[in-house]
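Reader: Hello! I am new to this one, so could you take me slowly through a single part of it, the aromatic rings and what surrounds them?

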Amino acid sequence: MLLNVNQTVVTEFMLQGFSEHPSLRLFLTGCFLSLYTMALMGNIVIIALVTSSTGLHSPMYFFLCNLATMDIVCTSSVIPKALVGLLSEENTISFNGCMAQLFFLAWSASSELLLLTVMAYDRYMAICFPLHYSSRMSPQLCGTLAMSVWSISAVNASVHTGLMTRLSFCGPKVITHFFCEIPPLLLLSCSPTYVNSIMTLLGDAFFGGINFMLTLLSYGCIIATILRMRSAEGKRKAFSTCSSHLIVVSVYYSSVFCAYVSPASSYSPERSKVSSVLYSVLSPTLNPLIYTLRNKDVKLALGRILASFSH
């Protein structure tokens with residue numbers, strides 16, 4: 001195995017990006033720059049609102065603040081390098097740079113999937129057990145859940161990145177993507193990728209499959225509880241508290257499933273690029289908008305802050 005590692009000749013990769021569509025370069029640059037600016041601004045506003053407004057110091061908004069942080073990490077690990085590729089003739093990335101990008105993307109993406117499950121559980125507790133909600137979802141439990149999400153995802157990202165560094169890359173060096181991602185990297189390796197493929201499938205099963213089922217289970221219980229409510233006002237209020245999260249879950253899972261839930265052998269660069277734009281660029285941009293526009297408490301807090309600036 002050491003011999004293979006010493007034979008590695010590829011010290012940098014070439015990110016293909018969107019170079020096969022030169023006519024779209026200007027349009028894509030404008031889109032990516034606008035979306036990145038919106039994602040950064042929107043998520044920073046969410047973090048600022050939650051930390052500064054006492055009315056938003058509840059488990060739901062604490063987790064939302066974590067989600068906003070993950071979105072910033074996700075977009076910042078992908079878009080700046082993609083913009084460099086759109087603005088230059090060649091977009092090279094060093095081997096270490098590629099591994100760093102792979103780590104931060106895997107970390108933020110798996111964190112988001114875990115956190116969406118935790119947020120679904122939080123809504124389940126709020127709607128199905130309203131009288132016990134504040135005692136069960138204590139600040140200590142919320143802090144432990146958030147730390148667990150970040151830690152488990154960091155271990156997952158470390159395993160995938162560590163396994164990738166063990167591979168030899170001695171042939172083609174063009175990554176058919178706009179960032180370093182596991183499937184296209186595995187296709188470039190000239191050493192066995194069996195262990196990597198197994199770990200990727202296990203990661204998909206846990207972060208994609210099990211978390212998705214747990215989220216569905218939470219929402220199944222939530223919907224059953226809402227339907228049993230007698231007052232129309234109660235039903236409307238209960239549904240409005242979880243509708244934003246349900247939209248975010250739907251957008252994120254559909255894009256992640258398109259990008260990752262398929263074997264490396266059936267990897268399609270074009271499909272992967274489109275679905276990756278959805279979860280790494282569009283989803284972090286839409287999340288703050290969804291939560292701000294559909295949430296009365298967030299709108300009130302934003303209004304108060306804007307009013308304080310105007311005086």
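**Helix 4 and the rings beyond**

Author: Happy to! A helix makes a good starting point: at 1.5 Å a residue, the 34 residues of helix 4 (residues 95-128) should span 50 Å, and the end C-alpha atoms are 49 Å apart, which agrees. Please keep in mind that this is a predicted model. Helix 4 is mostly covered, with 28 of its 34 residues buried.

Now for the rings. The count comes to 17 aromatic pairs. One of them joins Tyr124 and Phe129: the ring centres are 5.6 Å apart and the planes stand at 85 degrees, so this pair is edge-to-face. Phe129 has a relative accessibility of 28%, so it counts as partly exposed. Phe129 also has a charged companion, as the charged end of Arg136 sits over its ring, 4.9 Å from the centre.

Phe206 and Phe207 make another pair, with centres 4.8 Å apart and planes at 80 degrees, so they too are edge-to-face. Phe207 is buried at 7% relative accessible area, whereas Phe206 is partly exposed at 33%.

Phe206 leads us to the surface. Together with Ile152, Ile210, Leu214 and Leu217, Phe206 forms a nonpolar patch there, with about 440 Å² of accessible area in total. Helix 8 (residues 194-228) gives the most to this patch, 4 residues. Ile152 belongs to helix 6 (residues 139-165) and is partly exposed, with a relative accessible area of 40%.

One last stop: ring pairs link Phe18, Phe32, Phe178 and Phe179 into a cluster. Within that cluster, Phe18 has Lys273 over its face, 5.9 Å from the ring centre.

Conventions
Residues numbered from 1 in each chain as written. Predicted model: local features only at pLDDT ≥ 70, side-chain atom pairs only at ≥ 80, totals over all residues. Heavy atoms only, no water. Helix = DSSP H or I, 4+ residues; strand = E, 2+ residues; numbered from the N terminus. Expected span 1.5 Å × (residues − 1). Buried < 20%, exposed > 50% of the residue type's maximum accessible area, 1.4 Å probe, protein only. Patch = residues over 30% accessible without salt bridge, like charges linked within 9 Å, V, L, I, M, F, W, Y side chains within 5 Å. Areas by Shrake-Rupley, 256 points an atom, 1.4 Å probe, with all protein chains shown as cover. Salt bridge = Lys/Arg side-chain N within 4 Å of Asp/Glu carboxyl O. Phe/Tyr/Trp six-rings, centres within 6.5 Å; stacked < 30°, edge-to-face > 60°. Lys NZ or Arg CZ within 6 Å of the ring centre and 35° of its normal.
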